[in-house]
Amino acid sequence: MSIDRRSLLAGAFLPLAGLQPRLARAAEQAAPEKADYTLRIATGLVELAPDHIVSTTLYNGQFPGPLLRFKEGQRAVVDVYNDTDVPELVHWHGQMIPSDVDGAAEEGTPYVPPHGMRRVSFVPRPAGFRFYHTHVVAGGDLNRGTYTGQVGPVYIEPNGEPGGYDREVFLTLKEFEPSFSRGGDMAMDFLAGEPISDLQAIGKKADNEAKEKAKGFEVGYELFSINGRTLGHGEPIRVKQGERVLFHVLNGSAGEIRSLALPGHTFKIVAFDGNPVPTPRNVPVLWLGTAERISAVVEMNHPGVWVLGDLADDDRKRGMGIVVEYAGAKGKPQWTKPKPYKWDYTLFGKPGATTVNPDETMEFVIVKHNGAVNGFNQWTLNGEAFSMETMKPMRKVHEGRRYRLKFRNASDDIHPLHLHRHSFELARVGGKPTAGVLKDVVMLGGFQEIEFDFVADNPGMTLFHCHQQLHMDFGFMALFEYA
Ligand SMILES: [Cu+2]
């Protein structure tokens, strides 16, 4: 079904009453003719391997969704068609765009109605590696939200392209065939920093108060993939000796933490979440929380056929890897496990620098309530679980002010914290002060604290949440409202 601009303006196909002015405004901003890109949301098949074909919701019938390239500051128009029976939302993760196109219902973005369409128009910014994904609540439905295949990479080209590499390769890491389980086997001990005893005490108290002492559901997966193929079933990355390959790696998971290593090679990290780091460094392993991105250059100086894969043996054997093959090299792809490596964001900051003093600090204590909602864990920030019914903003912010958010994690889980429509600057991680690292998602370790700053420079409703779908759907969200 297609609808033209006039019918949009006339208010046809409105998903919900009361959203007409916003929808009309989005349509007015759009060029009347052809969109730069069209995304079609529909059920389709992903051939992860010849004997592993999965059915899920996709963008344009493919996984990952098409790589969308935008030019920084040059208005773009995207037509989103929803061929499914349920309302959908496309979130433009990591971009500083208005609330009505950002793609979060909590911020007031209208849904793309079932079997309808919505044209969105925005000025892409900032430059760098971003992505797009669905932003609907999944709750207990593993056929919805980021459990599906609705993920795709975005690259916003800067005005001047930085050099230092010969070729770019985009990698989207993603799990398929989710199911509920009790207890997980996620890596927990790789983050720098030590647990804080008073946070452990708060966590223990909450465990003791839990109505149901058993821990709530977790989500596990059958199949793992890079760029929609299990290890050994896609085209290898073919390289030449001496080539410098810039990898843009996206963790497109609904809730998993991922790692990557390439035996005999190091990664020179040049950007986190698309933002250049002040101190690029060589590391043996990449760690990415849900929705995090890393851009890293690998100098191909160790000929052979290698597995670029996840450190978790089980996940790698179920597909989380891709073969890197040097020209002229033959044989079975080789894997060797790297030595343990502590992941420390502060190594990439400005040496010896601290952040500017904020105008205001907001502190939040994160608590897990075991099995509190129908067998699911509930999450609270300062005692409050976000309500999808009231969608009440938690705090007011004033334009132009610099806010420090301090999160204290009284749970053993790692949380990939995400702020919409703004970047933030890391101020303190794992007890270490830092400056200059700009991100939009950051992992907070179990029983640890983190501090980061954002400047309220993009008026409009702004959503904060844990990027673990299971956590955000069960309370771990907050809205910031501009005064
Ligand atoms: Cu979380």
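Which residues does F452 touch, not counting residues up to four places away in sequence?

**View 1. F452 and the residues it touches.** This is a predicted model, and here we zoom in on one side chain's company. Leaving aside residues up to four places away in sequence, F452 touches Y403, R404, L405, F407 and L417. The list carries on with F424, E425, L426, A427, V442 and F464.

**View 2. The largest nonpolar core.** Step back from F452 and you'll find a core of 82 residues. F452 is among the residues with the most contacts inside this core, along with F247, L308, W343, F407 and F464. Two of those names, F407 and F464, also turn up in the list of residues that F452 touches.

**View 3. A second, separate core.** This one has 18 residues, including L68, W92, V112 and Y132.

**View 4. An open sheet of four strands.** Read across the sheet and the order goes β3-β8-β7-β5, with mixed pairing. At the edges sit β3 (68–71) and β5 (90–93), and each of them pairs on one side only. From one strand to the next, the twist averages 25°.

**View 5. Strands β7 and β8 up close.** β7 covers residues 128–134 and β8 covers residues 151–157. The two run antiparallel, joined by six bridges. Pick out F129 and look across to β8: its bridge partner there is Y155.

**View 6. How confident is the prediction, and where does the pLDDT drop below 50?** The protein chain averages a pLDDT of 92, and 92% of the residues score at least 70. Residues 1–24 are where the pLDDT is below 50. Even so, this stretch has 36 contacts in the model beyond near neighbours in sequence.

Conventions: Residues numbered from 1 in each chain as written. Predicted model: local features only at pLDDT ≥ 70, side-chain atom pairs only at ≥ 80, totals over all residues. Heavy atoms only, no water. pLDDT = per-residue confidence, 0-100. Contact = heavy atoms within 4.5 Å. Core = buried A, V, L, I, M, F, W, Y, C linked by side-chain atoms within 4.5 Å. Buried < 20%, exposed > 50% of the residue type's maximum accessible area, 1.4 Å probe, protein only. Pairing = 2+ DSSP bridges. Axes fitted to C-alpha atoms, helices over the stretch in contact; angles between N-to-C directions.
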